[in-house]
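This report examines selected local features of one structure. The sequence and coordinates are shown first, and the description follows.

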Amino acid sequence: MIDRDALVSDTQSTDHGIKPTVLTFSGSDSAGLAGMQMDIKVQHAFNIHCLSVLTAVTAQNNQQVLAMHAVEQTMFDAQIKAISAFKPGAIKTGLITQHAQAKSIIDAKQALGIPLICDPVGAATSGNSLIAKGSEDSDGHYTDVLLPHCTLITPNIPEAERLVGFSILSSQDIKNAAKILLDKGASTVLIKGGHGPCAKRFSQDYYCSPTEQFWLENQWIDTQHTRGTGCALASAIASCIALGYCLKDAVVIAKMAITQGLIDAKGLLSNPQGYIQGYMDTHDKGVKNCEDTHAKQSYMDTHNKGGVEENYKDTHDKGAESYEDTHGKGTGNYKDTHDKGAVDIRSFPSAQLSLPSLRDGNGGAGCVEPHSFLAPVEPFPDIGDSPLGLYPIVDRADWLETLLPLGVTTIQLRIKDLLDRRLEDEISRAVQIARRYSCRLFINDHWQLAIKHRAYGVHLGQEDLIATQSDASNPIQQLRSAGLRLGISTHCHYEVARAHSFKPSYIAYGPVFATSSKDMPWVPQGLTGLDYWQNLLAYPLVAIGGINLERAQAIHALGVSGIAMISEITQADSPLEKTRALLAALRT
C-alpha cells in the first residue's frame with residue numbers, strides 16, 4: 001500500500017506571484033544570533049516571508065542573557081490582529097513567556113487551521129535560562145496549552161527532560177520521552193540529539209509519531225558556532241510545510257539545512273576592551289542609571305520576578321575577578337568563549353554531505369546500549385565506469401531476447417503475476433540471456449532468486465525495502481555478501497534519506513513526469529526537481545516516470561546515469577524502432 005503521508009507537493013506550484021508565509025512567534029535576540037532574527041533569516045533563505053509576532057524582548061549575547069521583558073498581552077494580541085490580514089501556511093513558535101500568550105497562539109492556530117511547529121525554548125545556547133525563575137508558567141504553557149495542538153514539537157534533550165521530568169541518558173530514554181510527549185497530546189515529536197549520548201560523534205535526532213519512528217543521523221560537525229540551531233530547525237520545518245512538503249520531508253530537509261549551516265557557520269569579531277569599557281560606561285552609574293531608564297520601582301517589578309537581578313549579580317557584580325574567572329586566561333580563551341557565532345543557513349540545502357541517513361526507529365541509537373545503528377555501512381558494489389543508459393523495465397525474459405541485441409546494456413525484470421516455479425524459471429532464463437549479452441540485469445523485488453541465480457543486481461521499491469528491514473534473515477546483508485548491486489526507488493527527501501542509509505549502487509528518482517504505469521501520490525517534479533537531485537547526489541541517478549523520446553533527450557542533457565522506461569517501449573507500436581531511436585538520442 002502506498003504511504004499517503006509521503007505525499008509531497010511541487011514547490012513551484014506555489015509560485016503564482018504569491019510568496020508563502022509562516023506566522024512566527026519568537027522573542028527578539030539583541031545579538032541577532034537566535035530568536036526572531038534567526039527565524040527571519042532562515043525563512044528568507046527558504047524564500048518564505050516571516051510574519052512576526054514578538055513574544056519578548058531579550059538582552060543577550062553569545063555568553064549570557066542579561067534581561068528578558070515579556071511583551072504586554074494587549075500588544076501581543078494587537079500583533080496577531082495586524083497579521084490576520086495574511087494567510088500563512090504554517091505557524092512556528094519559539095520563546096513563549098506565559099499562559100496568555102500560549103492561549104492566544106492556539107486561538108490563532110484553530111482559526112487558521114494550519115500546522116503548528118513548536119520549539120519549546122527553555123534556555124539560550126549559552127546555557128542561560130529564558131524562563132522566569134519560579135514562574136508558574138515555566139512549563140505549563142507548553143504541556144497544558146500548546147502540546148495538545150502541536151503538529152510537531154522539537155525539544156532538545158534538556159528541554160525534553162524538563163517537559164517529561166526525568167533525565168535522558170540513553171537512546172531508550174529518548175524513545176520513552178517521545179512517547180510521553182505523544183501521550184501528553186503532541187501529534188509528532190522530534191527530539192534533537194545535539195546534547196545526546198552520541199554527541200561529539202554523531203548528530204542523531206529521533207522522530208516519533210503514533211504510526212512511525214525513525215532516527216536521522218549525520219556525522220558530528222565540529223564547530224562552536226551553534227547559536228540559534230533550535231530556532232533555525234523549527235523555522236526550516238515550518239518553511240518547508242508552507243512550501244507544500246509533507247512533515248517527514250520537512251524534517252529531513254531541515255536537518256540537511258542545519259548540517260550545512262553548521263559547516264558554513266563563522267564566528268564573530270570580539271572586542272574584550274570594548275566590552276569592559278562599555279560595561280563601565282553603562283553599568284557603573286548604579287541605581288541612578290536604572291532610575292533614568294526604567295524608574296527604580298518599575299525595574300524591580302519587571303526584572304526581579306524573572307531572576308534577572310540574580311543573573312545580573314551572578315555575572316556582573318564580581319567585577320574584575322569575575323571577568324578574570326571567565327575571560328582572563330588569555331586571548332585564546334576569550335576567543336574560545338566569545339567568538340561563538342550562529343548557524344548560517346543561506347539557502348535550501350543542496351549537498352549530499354548534509355543528507356542524513358534515515359534508520360528505522362525500532363533499534364537504539366547505540367551510544368549507550370550496543371546496536372548496529374552506529375556500525376559503518378558497507379557500500380554496495382558500484383555499476384562500473386559506464387552509465388546505466390537506457391534502462392527498460394520489462395515483465396518477461398523474452399523482452400531481453402528482443403532488446404539486448406540492439407545495444408541495451410541495463411535492464412530490469414519486474415514480474416508481478418508469476419509465482420513459485422514459473423517465477424524462478426523466468427528469472428533464471430533472464431539471467432542467462434543477460435550474461436550472454438554482458439547486460440546489467442536487475443531483478444525487481446525477488447532478492448532470494450536473484451542471489452540464487454547470480455543476477456547482476458536487485459532493485460527494491462520503498463515498500464520492499466521496508467519489508468527487508470523486518471526480515472530476520474537480513475536480506476540486505478545477504479545481498480552485500482553475495483556481491484550483488486542494489487538500486488532503490490525514491491520519490492522525496494524522506495525516501496532518499498532512507499536509501500542513503502544503505503549506500504546503494506544507484507538511486508532511482510521519480511516521477512519526473514506524470515505516469516500511468518503505476519499509481520503514485522507524488523506530484524511530478526519535472527526537470528527542475530530531477531536536476532536538483534542530480535546535482536545533490538553522488539550516487540548514479542536513474543530518472544523514471546512519464547518519459548518519452550523527447551523528454552529523454554532533455555533528461556540526458558542533465559547528466560543522469562540512467563533513464564528508466566516501461567510503457568514507452570513495451571507499449572510502442574514498434575518496440576524495436578522506439579528502442580533504436582532512444583539509444584541514438586542518448587548517444588548524443
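## Packing, backbone geometry and strand pairing

Helix α21 (526-536) has as its buried residues G526, G529, L530, Y532, W533, Q534 and L536; buried denotes under 20% relative accessible area, exposed over 50%, and partly exposed in between, with a 1.4 Å probe and protein chains only. These residues pack against α8 (247-264), α20, β16, β17 (541-543) and α22 (549-556), where contact requires heavy atoms within 4.5 Å. Helices (H or I, at least four residues) and strands (E, at least two) are DSSP runs, numbered from the N terminus.

The model is predicted: local features need pLDDT of at least 70, and side-chain atom pairs count only at pLDDT 80 or more, while totals for chains, interfaces and linings use all residues. Residues are numbered from 1 along each chain as its sequence is written, and side-chain values use heavy atoms, with hydrogens and water left out.

Helix α24 comprises 13 residues, 575-587, which should span 18 Å at 1.5 Å a residue; the end C-alpha atoms are 18 Å apart, in agreement with that value. The expected span is 1.5 Å times one less than the number of residues. The buried residues of α24 are P575, T579, L582, L583, A585 and L586. Viewed down the axis of α24, they fall within an arc of 160 degrees and therefore line one face of the helix; the arc is that of the directions from the helix axis to the C-beta atoms. On the other side of α24, E577 and R587 are exposed. The cover over the buried residues of α24 includes β11 (389-394), α15 (398-403), α22, β18 (562-565) and α23 (567-570).

Which residues does Q462 contact, leaving aside its neighbours within four places in sequence? They are I488, S489, T490, E495 and R498. Q462 belongs to helix α18 (residues 462-469) and counts as buried at 8% relative accessibility. The side chain of Q462 reaches the backbone oxygen of S489 at 2.7 Å.

Backbone geometry is considered next. Most residues other than glycine have a negative phi, and most peptide bonds are trans. The peptide bond from G510 to P511 is cis, with omega near 0 degrees, and P511 is found in the loop between β16 (506-509) and α21. Two residues that are not glycine have a positive phi, D445 and K503; they are set out below.

| Residue | Phi | Loop | Relative accessible area |
|---|---|---|---|
| D445 | about 75 degrees | between β13 (440-444) and α17 (447-452) | 23%, partly exposed |
| K503 | about 50 degrees | between α20 (493-500) and β16 | 32%, partly exposed |

Strand β9 (residues 213-219) is mostly covered, with five of its seven residues buried. Strand β8 (residues 202-208) runs antiparallel to β9, and seven bridges join the two; strands pair if DSSP finds at least two bridges between them. The connection from β8 to β9 is a hairpin through four residues, and the bridge partner of D205 in β9 is L216. Strand β9 is also joined to β10 (residues 357-360) by four bridges, again antiparallel. In that pairing, E217 stands opposite S357 of β10.

Methods. Polar contact = N/O pair within 3.5 Å; in protein donor to acceptor, adjacent residues only side chain to side chain.
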